Amino acid sequence: MTAEQPQLSSGNHPVSVSQPVLHVCVTCRRGGPATAHPPGAQLLERLQTLLDAEQQAGATSAVQLRSVACLAACDQGCTAAIAMEGRWTWLLGHLGPEKADDLLAYARLYAASSKGTVMPSRRPASLANMVLGRVPALLYNEQEKP
C-alpha cells in the first residue's frame with residue numbers, strides 16, 4: 001500500500017498511513033461474564049470521546065480507531081493492536097476504559113518512533129504489563145528457511 005492508495009476502514013473512511021491505527025476489541029470482557037456493553041466497547045467509546053475532544057480543541061488526532069470483534073487474547077483483559085505502515089504491530093492487553101488517556105499517550109510515542117518501538121521506561125506506568133506480542137512490519141518478506 002502506498003500513500004496514494006489510502007486504506008479504507010470498515011466505515012469507508014480513508015485511514016491515513018501517517019497515523020497509527022488502534023484496533024480495539026469490542027467483545028473483550030476482561031475474563032468476566034458476557035454483558036450487553038463489554039469493557040472493550042467501553043474502552044473504544046472512551047478513546048473516541050478523548051479524540052473528539054482533542055479535535056474540538058483544534059489538535060490533530062493521535063490515532064485512527066477501529067473496532068474489531070476479537071483479537072483472540074480473551075484471558076488477557078481488554079485487548080487492542082496498534083499498527084502503522086513500516087513499523088512493528090503490537091498486541092496490547094490488560095487494558096480498560098480507565099487506561100484510555102495513557103493508551104493515547106502511548107499511541108503518540110509509537111507514532112513518533114522510527115520502528116514502532118516504545119521502550120518500557122517511556123510508556124505510562126499504567127501500561128507496564130500491556131505488551132502481549134509484536135508482529136513484524138512486513139510479513140513474509142524473506143523465504144522460509146528449510
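In this predicted model, the largest nonpolar core comprises 28 residues, and Leu22, Leu47, Leu95 and Tyr106 are the residues with the most contacts inside it. At least two residues of this core come from each of strand 3 (21-25), helix 1 (39-56), strand 5 (78-83), strand 6 (89-95) and helix 2 (100-112). Helix 2 supplies the largest share of the core, namely six residues.

Tyr106 also takes part in the one aromatic pair that the structure holds. Its partner is tyrosine 110, and the arrangement is tilted, with 6.4 Å from centre to centre and 35° between the planes. The two tyrosines, 106 and 110, both belong to helix 2, where they are four residues apart, or about one turn of the helix, and both are buried. Another contact with a ring involves tryptophan 88, over whose face arginine 134 lies, at 3.5 Å from the ring centre.

Strand 3 can be described both by its burial and by its neighbours. Five of the five residues of strand 3 are buried, so the strand is largely enclosed by the rest of the structure. Val21, His23 and Cys25 point one way from strand 3, whereas Leu22 and Val24 point the other way, and all are buried. Strand 3 runs parallel to strand 4 (residues 64-68), to which five bridges join it, and within that pairing cysteine 25 has valine 68 of strand 4 as its bridge partner. With strand 5, by contrast, strand 3 pairs in the antiparallel sense over four bridges, and here valine 21 stands opposite alanine 83 of strand 5.

Glutamine 19 lies in the loop between strand 2 (14-15) and strand 3, and its relative accessibility of 15% means that it counts as buried, the cut-off for that class being under 20%. A polar atom of the glutamine 19 side chain lies 2.5 Å from the backbone oxygen of serine 61, while the side chains of glutamine 19 and glutamine 64 are joined by a polar contact of 2.6 Å.

Charged side chains provide a further set of links. Side chains of opposite charge can pair when their charged atoms come close. The structure holds two salt bridges, which are set out below.

| Salt bridge | N to O distance |
|---|---|
| Aspartate 101 and arginine 46 | 3.6 Å |
| Arginine 108 and glutamate 54 | 2.2 Å |

In the first row, aspartate 101 lies in helix 2 and arginine 46 in helix 1, so the pair ties together parts that are 55 residues apart in sequence. In the second row, arginine 108 lies in helix 2 and glutamate 54 in helix 1, so this pair ties together parts that are 54 residues apart in sequence.

How exposed are the four side chains that form these bridges? Aspartate 101 counts as partly exposed because its relative accessibility is 45%, and arginine 46, at 33%, likewise counts as partly exposed. Arginine 108 has a relative accessibility of 36% and therefore counts as partly exposed, whereas glutamate 54 is buried, with a relative accessible area of 17%.

Definitions and conventions
Residues numbered from 1 in each chain as written. Predicted model: local features only at pLDDT ≥ 70, side-chain atom pairs only at ≥ 80, totals over all residues. Heavy atoms only, no water. Core = buried A, V, L, I, M, F, W, Y, C linked by side-chain atoms within 4.5 Å. Buried < 20%, exposed > 50% of the residue type's maximum accessible area, 1.4 Å probe, protein only. Phe/Tyr/Trp six-rings, centres within 6.5 Å; stacked < 30°, edge-to-face > 60°. Lys NZ or Arg CZ within 6 Å of the ring centre and 35° of its normal. Salt bridge = Lys/Arg side-chain N within 4 Å of Asp/Glu carboxyl O. Pairing = 2+ DSSP bridges. Polar contact = N/O pair within 3.5 Å; in protein donor to acceptor, adjacent residues only side chain to side chain.
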